[in-house]
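Below is a guided reading of one protein model. Keep the sequence and the 3D view side by side while reading.

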Amino acid sequence: MESVNRILNDDVAELPVREKLRAFVELTKPRITFLVVLTTIAGFCLGVEQGIDWLKLFNLILGVSVLSSGIATINQWMERDLDALMLRTKARPLPTGKLNARQAFIFGMGLIVLANVYLAWTVNSLTALLGVITAATYLLIYTPLKTRTTLSTFWGAFPGAMPPLVGWVAARGYLSIEGWILFAILFLWQFPHFLAIAWMYREDYAKAGIKMLPVVEPEGKVTGQQIVTYTLLLLPVSLLPTLVNISGKIYFAGACALGLAFLFVSIRTAMQRTKWQARQLLLASVLYLPILFGLMVINR
């Protein structure tokens, strides 16, 4: 009982209402939610067959935004002790006491439940089911594994790849190979992206006991191999949308060019293994994804 009370009743600072509201918004990780929504919209636009249903798209955007915000909040609630140990996260609302654990837990769980009910009501039940699976795998598998094994990155890539599949299912109402191809693209993209982040902040992760690959393998050789391997796998998979007729030849050419450029940066990162080069890889990954999906949608 004592541990439960500690989890739900941390001390909280007295703050003006505006500061409190800002802290709640910060819990939702708006920048990540924005990227999640963008890839969901891309999946929806690629999945529509007879013109865009704008009301359904609006409901999807709203539901996915709320769901992503809720997952981010509960993730921070679960990791607030770890966040307090790391430079890049210790200023978040929970470690600083701007909000307490009870507030974050109720807020986050409320958003997750509300989002899935809303998606089931306004979009379709399969989209809501995928939302439930995303929240469960992220919070019950990926998050607990982060302090136990480097395989957490692999398991975390499953919920991380769901947004375009959710968008596709929202448009079509069923799962199909085209939707799974979108899933596979995002699944593979996450490895160079998150390994770059892990390399940049490996000292921070080590302080918190988070077993990212660059922490347990400081030489970086295996990290570099994985970065190149997954980027190499991503290149042919990114060409599949043209082969299954959900995008055209312009996209095919663009995906080739983007993939080769991304691979070049990945190889340089694997060879140099410096923080500066890891940052270049992170930047390349952040540019690669929206351009790739943008081309796919424009040339559908």
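The paragraphs that follow take up the nonpolar cores, a helix pair, the salt bridges and two backbone angles. The model is a predicted one.

Start with the interior. The largest nonpolar core has 63 residues, and the members that touch the most other members are Leu60, Ile185, Leu292 and Met296. Helix α10, residues 177-200, supplies the largest share of this core, with 15 residues. Apart from this core lies another one of 16 residues, including Leu27, Ile74, Trp77 and Ile112.

Leu292 can serve as a point of entry to the larger set. Leaving aside residues up to four places away in sequence, Leu292 touches Ile185, Ser238, Tyr251, Ala255 and Leu258. Ile185 is thus met twice: as a contact of Leu292 and as one of the core members with the most contacts to other members.

Next, look at how two helices pack. The axes of α3 and helix α16 (residues 275-298) come within 10 Å, and they cross at roughly 20°. An angle under 35 degrees counts as roughly parallel, so α3 is roughly parallel to α16. The crossing of α3 past α16 is left-handed. On the α3 side the contact is made by Thr39, Ala42, Cys45 and Leu46, and on the α16 side by Leu289, Phe293, Met296 and Val297. Met296 also appears among the best-connected members of the largest nonpolar core, those that touch the most other members.

Now turn to the charged residues. Side chains of opposite charge can pair when their charged atoms come close. The count for this model comes to 5 salt bridges; three of them are described here, beginning with Arg172 and Glu49.

Arg172 pairs with Glu49, and their closest N and O atoms are 3.8 Å apart. Arg172 belongs to helix α9 (residues 162-172), whereas Glu49 sits in the loop between α3 (30-47) and α4 (54-78), so this pair ties together parts that are 123 residues apart in sequence. Glu49 counts as exposed because its relative accessibility is 59%, and the cut-off for exposed is over 50%.

A second salt bridge joins Lys146 to Glu79, with the closest N and O atoms 3.0 Å apart. Lys146 is in the loop between α7 (125-145) and α8 (152-160), and Glu79 is in the loop between α4 and α5 (80-83), so the pair ties together parts 67 residues apart in sequence. Are these two residues, Lys146 and Glu79, buried or exposed? Lys146 counts as buried at 10% relative accessibility, and Glu79 is buried too, with a relative accessible area of 6%.

Arg92 and Asp83 form another salt bridge, the closest N and O atoms being 3.2 Å apart. Arg92 is buried at a relative accessible area of 18%, because buried means under 20%. Asp83 also counts as buried, at 2% relative accessibility.

Last, consider the backbone. Most residues other than glycine have a negative phi. Lys29 is not a glycine, yet its phi is positive, at about 50°. Lys29 is in the loop between α2 (17-27) and α3 and counts as buried, at 17% relative accessibility. Asn245 also has a positive phi without being glycine, with a value near 65°. Asn245 is found in the loop between α14 (240-243) and α15 (249-272), and it is exposed, with a relative accessible area of 69%.

Key
Residues are numbered from 1 along each chain as its sequence is written. This is a predicted model: local features need pLDDT of at least 70, side-chain atom pairs count only at pLDDT 80 or more; totals for chains, interfaces and linings use all residues. Side-chain values use heavy atoms; hydrogens and water are left out. A nonpolar core is a set of buried Ala, Val, Leu, Ile, Met, Phe, Trp, Tyr and Cys residues joined through side-chain atoms within 4.5 Å. Buried means under 20% relative accessible area, exposed over 50%, partly exposed in between (1.4 Å probe, protein chains only). Helices (H or I, at least four residues) and strands (E, at least two) are DSSP runs, numbered from the N terminus. Contact means heavy atoms within 4.5 Å. A salt bridge is a side-chain nitrogen of Lys or Arg within 4 Å of a carboxyl oxygen of Asp or Glu. Axes are lines fitted to C-alpha atoms, for helices over the stretch in contact, and angles run from 0 to 180 degrees between N-to-C directions. Angles under 35 degrees count as roughly parallel, over 145 as roughly antiparallel, 65 to 115 as roughly perpendicular and the rest as oblique. A crossing is left-handed if the near helix is turned anticlockwise from the far one by less than a right angle, and right-handed if clockwise.
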